[in-house]
Amino acid sequence: MNQPKTIYINEKWLAFSEKVKRRDGKCLQCNRGPGEVILQIHHNIYITEKAPWDYAISDCLTLCKGCHAKEHGLIEPDRGWSLLSIEDLGGLDGTCERKGCGAEIRYEHLTYHPNWGYLVVGSTCIEHLTQEDRLLSSNAIHLYKNISKFVHSSEWSRGTTQKGKKYISSTYKHHQIRIYGEELFHSFQLVLKEKGVRWHDFGRVIQAKGKSTLSVKELAYITLRGTLSDSAKEKKLLRNIYRALNNDT
Ligand SMILES: [Zn+2]
Ligand SMILES: [Zn+2]
Ligand SMILES: [Zn+2]
């Protein structure tokens, strides 16, 4: 449970940085490769108000963490940072890297500035992010807390279908989540129900092989929230969280 979970990743940055790393394959300064050092992206130029992934690939180089730190000056930019991901450490196991802060943090916000590089900061120290990023951060953390709360504290009961198939179930806003099968061989199903209507709307059975019961509970709940949500932004966030959790074991 205390395994770190990345709850939001900026896909555009991921795609862009992978292209640069694939082109170079190693740190262009010290020639060390991905097995020895952490590879990062460095921008040769900086254009104000431009997102870090909206540059030409030729504007960027691959450097290791150490060489990258030496490339940059001492004055941390106070604008133009982008939020790349938020990692939930499960406890106060992280440290905010922002100068003069150093607070113990649970949610590591990985941020990036083309004229500076990477910085990991906490949720109370994100004033250098854009308004939209700040909102995204609090929404992501809020959703993630809901998922965790639901999975651990909602009441799960046992049931049997008319055909004799066993399941465990829980409800969210009078809709039901059913989880079939054994640990690592689960599948789940959403049963949607309009309030005051007797019939149940059975969704398709989704396979979740190789997942623990806990993970399947998380995935099922996120799927239900995504199905019920009418906000495109929230749906996208839930999809990112689903993808991050689905890649865990
Ligand atoms: Zn750099
Ligand atoms: Zn290097
Ligand atoms: Zn801080």
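Here are some short exercises on the protein shown above, each with a worked solution.

This is a predicted model, where local features need pLDDT of at least 70, side-chain atom pairs count only at pLDDT 80 or more, and totals for chains, interfaces and linings use all residues. Residues are numbered from 1 along each chain as its sequence is written, while chains are lettered from A and ligands numbered from 1 in the order in which they are written.

**Exercise 1. Take stock of the protein: what helices and strands does the protein have, and what percentage of its residues count as buried?**

Step 1. Start with the elements: there are five helices and 14 strands. Helices (H or I, at least four residues) and strands (E, at least two) are DSSP runs, numbered from the N terminus.

Step 2. Next, burial: 28% of the 249 residues count as buried, meaning 20 or more other C-beta atoms, placed from the backbone, lie within 10 Å of the residue's own.

Step 3. Finally, the box: along the principal axes, the C-alpha atoms fill roughly 65 × 35 × 30 Å.

**Exercise 2. Work out how α4 and α5 pack: which residues meet, and what is the angle?**

Step 1. Find the helices: α4 covers residues 213-228 and α5 covers residues 232-247.

Step 2. Get the geometry. The two pack at an angle of about 165°, with axes 9 Å apart. Axes are lines fitted to C-alpha atoms, for helices over the stretch in contact, and angles run from 0 to 180 degrees between N-to-C directions.

Step 3. Classify it. That angle makes α4 roughly antiparallel to α5, a label for angles over 145 degrees. 

Step 4. List the partners. From α4, the residues include Leu 219, Ile 222 and Arg 225, and those they meet in α5 include Leu 238, Ile 241 and Tyr 242. Contact here means C-beta atoms, placed from the backbone, within 7 Å.

Step 5. Sort by type: the contact of α4 with α5 has six nonpolar, three polar and four charged residues. Ala, Val, Leu, Ile, Met, Phe, Trp, Tyr, Cys and Pro count as nonpolar, Asp, Glu, Lys and Arg as charged, and the others, Gly among them, as polar.

**Exercise 3. Now try α3 with α4: at what angle do they pack?**

Step 1. Helix α3 (residues 131-153) packs with α4 at about 125°, axes 9 Å apart.

Step 2. The pair is therefore oblique, the class left over once under 35 degrees (roughly parallel), over 145 (roughly antiparallel) and 65 to 115 (roughly perpendicular) are taken out.

Step 3. Look at the residues: Ile 147, Phe 150 and Val 151 of α3 meet Leu 214, Lys 217, Glu 218, Tyr 221 and Ile 222 of α4. They divide into six nonpolar, no polar and two charged.

**Exercise 4. Trace the open sheet of four strands: what is the strand order?**

Step 1. The order is β1-β4-β7-β8, with antiparallel pairing. Strands pair if DSSP finds at least two bridges between them.

Step 2. Spot the edges: β1 (5-9) and β8 (117-121) each pair on one side only. The twist averages 20° from one strand to the next.

Step 3. Zoom in on β4 (residues 82-88) and β7 (residues 107-113), joined by six bridges. Ser 82 has Tyr 112 as its bridge partner in β7.

Step 4. Add the helix: α3 packs on this sheet, touching β1, β4 and β7.

Notes
Contact = placed C-beta atoms within 7 Å. Buried ≥ 20, exposed ≤ 12 C-beta atoms within 10 Å, placed from the backbone.
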